[in-house]
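Q: Hi, I have a structure open and would like to talk it through. Could you help me find my way around?

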Amino acid sequence: MADPRKVVIDGEEFEFDPDLTVLQACEEVGREIPRFCYHERLSIAGNCRMCLVEAVGAPKPMASCAMQVKDLRGGRDGEPPEIRTNSKMVKDAREGVMEFLLINHPLDCPICDQGGECDLQDQAMAYGTSGSRFTERKRAMAEIALGPLIKTHMTRCIQCTRCVRFATEVAGVPEMGCTGRGEDAEIVSYLDAALVSELQGNVIDLCPVGALTSRPYAFTARPWELRKTQSIDVSDALGANIRIDAEGTVVRRVMPVNHDGVNEEWISDKARFCIDGLARQRLDKPYVRGANGKLAPATWEEAFAAIRTRLDGIDGSRIGAIAGDLVSVEAMWALKGFMGQLGSTNLDCRQDGARLPADNRAAWLFNPTVQGIEDADAILLIGANPRMESAVLNARIRKAWLAGTEIGLIGTAVDLTYSYDHIGLDAGALASIKDSDFFAVLSKAERPMIVLGGSALTHTDAAAIIGEAMALADSIGAISEGWTGFGVLHSAASRVGGMEIGFVPGEGGKDAAAMLADGLDVVYLLGADEVKVPDGPFVIYQGHHGDRGAHRADVILPAAAWAEQSGIYVNLEGRPQLASRAASAPGEAKEDWAILRALSERMGEPLPFDTIEQVRKAVFEAVPHLATLDVITPAEWRAEQGGGIGGAPFEPVIDDFYFTNPICRASETMAECSKLHEERSGVPIAAE
């Protein structure tokens, strides 16, 4: 930081970093500056002119978003520069700008979905005049088809270009632009095509008027009618902070909540728009498979009785439990306790078959932290496709790339929205990486980073790949005081939480793959929908959608979805976060922990808790660092042993970005997105 510079603002003298813009300096000392085009995470456009302020001595007002403090001119006798934010010149200038912005803007606030949370409404009231002198005919613009997610009303557009800059700079998919000039200026998509970015929904939040609104949410509710609950996104392992807006028992929309350490203020389209799946294909009552081989509705007592009858006399080693990707820490803790009562050590939270060393936190955490991506000067991706596995984290990598970070990839060549050195297709390229040009880049980097993705974790040589990658991190100096440049990119929200509480095979226990191959007598699926259970075992499915797991079940126990119960989720960097209950579960569905508590009681040995708070207390006593919410507890570095790596290729772990969990597969909106992407690309989304 350069030496502070003195500036007088509205008669008071302050000191500021010279690199700040005048707008930022004014905001620092509590002066409100209106704006439309300016956004702190986008480049400066300076085209709305709403942020005009008076610089004493200048002949006319200046745009405060585009002028830096260091560029201000002081008085001729050495006086510090002076800025006025509330003078008559400023007031007249803002009123004039607002009048121009409203020349063509339709007066349709009563039917606009932006009504009640519109920047234009607020600033017109605060800085505008009571009427307009414009009596000519208003201009009307044709709507543009941006796809199933974004509804356009381009007559309302004020050409702030926030959407254009977001698509180009953050999403990395330059599909929008501005054509024409003056009154003919308009925002359009490239060749009038629909957008396909996985982050496109963020332009809805960025738009300061009602030009870009949510198509699935259109004409559904007003913001003041909704109950707002802060929660956590579970569509991937990033743990993006979100706000769930519900009306009665129905979730109406999901909005991002700013968290600089996790998702900044972006969320993926999957997190934002999959919520219509919460109301479709739901399990709202228990089912039991009868003698005719068909599932039939049952009472809770009948379902528990069927389970008790089947478990009676079975050895614990013949019983297994698999947790799915959307399950909270409390639910897995309750199931772990229940399986312990049955004498079983066959537990696994890795339904995709990821081979992670359970006793080494450093081997399955994203140790550099998400925010640390911006500090890395070289990143090696191994068997990872961040755009599919965590679209918002991929935007953070792009942000680092724009700042000069060099990136290399071992795995399938895909479009990641930034350029990279493609080192090799298969795992063998890791063993011979010292022969590549990118190894010199890693060796010279001050803060190199190595990231293992899902394809590496499920590879046949996964254990050897993890060991080789950790050894590489040691050899290039990626492990030092204050920096651990080795991270694992998970795609399941429950994965790290399950690893933290030990929901993995105990002594003599089997992992998910072994449980499914060994032909156990009983398999308990806790929201596990991505596994294929063979014929033979008695399957108990506890979940919220009639998805893959329910089709194979002998007993179905209807559970609340993530938005319908409170729970802790630990994101990929080891940050515990609380997802709060935002709506009610349908029918007879109950919370996960409560179902397991009731089942254990019917089995004759109730679990030692009666409330969710008691479950959490037990978790915190066993794993104390989970009690410090939103705080990352670093892992002690310990490299794994490597081994021989074969030449088998990396197989993608995500077949379709929009269909990664049962909620998404039940969503009509996600189905439209998946269909559109296949039509645009001609191939499934993961195979690009």
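A: Here are some notes on a sheet, a hairpin and the cavities, and please keep in mind that this is a predicted model.

Q: Thanks! In what order do the strands of the open sheet come?
A: The order is β19-β18-β17-β20-β23, with 5 strands paired in the parallel sense. The edges are formed by β19 (421-424) and β23 (486-488), each of which pairs on one side only, and the twist from one strand to the next averages 20°.

Q: And which strands does helix α14 touch?
A: Helix α14, covering residues 462-475, packs on the sheet and touches β17, β20 and β23, while its direction makes about 175° with that of β20.

Q: Okay, switching to the hairpin, how many residues lie between β7 and β8?
A: There are 6 residues between β7 and β8, and in the turn Gly 180 has a positive phi of about 75°. The two strands run antiparallel and are joined by 4 bridges, with Thr 179 standing opposite Glu 186 in β8.

Q: What about empty space inside, how many cavities of 30 Å³ or more are there?
A: The search of the whole structure finds 10 of them, and the largest has a volume of about 150 Å³.

Q: Which residues lie nearest the centre of that largest cavity?
A: Those are Leu 326, Val 327, His 544, Gln 565 and Asp 592, out of 19 lining residues. By class, the lining of this largest cavity has 9 nonpolar, 8 polar and 2 charged residues.

Q: And what lines the second largest one?
A: The second largest cavity is lined by 15 residues, and nearest its centre lie Cys 157, Cys 160, Cys 163, Cys 207 and Leu 212. Its lining has 13 nonpolar, 1 polar and 1 charged residues.

Conventions. Residues are numbered from 1 along each chain as its sequence is written. This is a predicted model: local features need pLDDT of at least 70, side-chain atom pairs count only at pLDDT 80 or more; totals for chains, interfaces and linings use all residues. Side-chain values use heavy atoms; hydrogens and water are left out. Two strands pair if DSSP finds at least two bridges between them. Axes are lines fitted to C-alpha atoms, for helices over the stretch in contact, and angles run from 0 to 180 degrees between N-to-C directions. Contact means heavy atoms within 4.5 Å. On a 1 Å grid over the protein atoms alone, a cavity is a set of points where a 1.4 Å probe fits but cannot get out, and a pocket is an open set with protein on both sides within 12 Å along at least five of seven lines; lining residues have an atom within 4 Å of a point. Grid points are joined across faces, edges and corners, and a volume is the space filled by probe spheres set on the points. Ala, Val, Leu, Ile, Met, Phe, Trp, Tyr, Cys and Pro count as nonpolar, Asp, Glu, Lys and Arg as charged, and the others, Gly among them, as polar.
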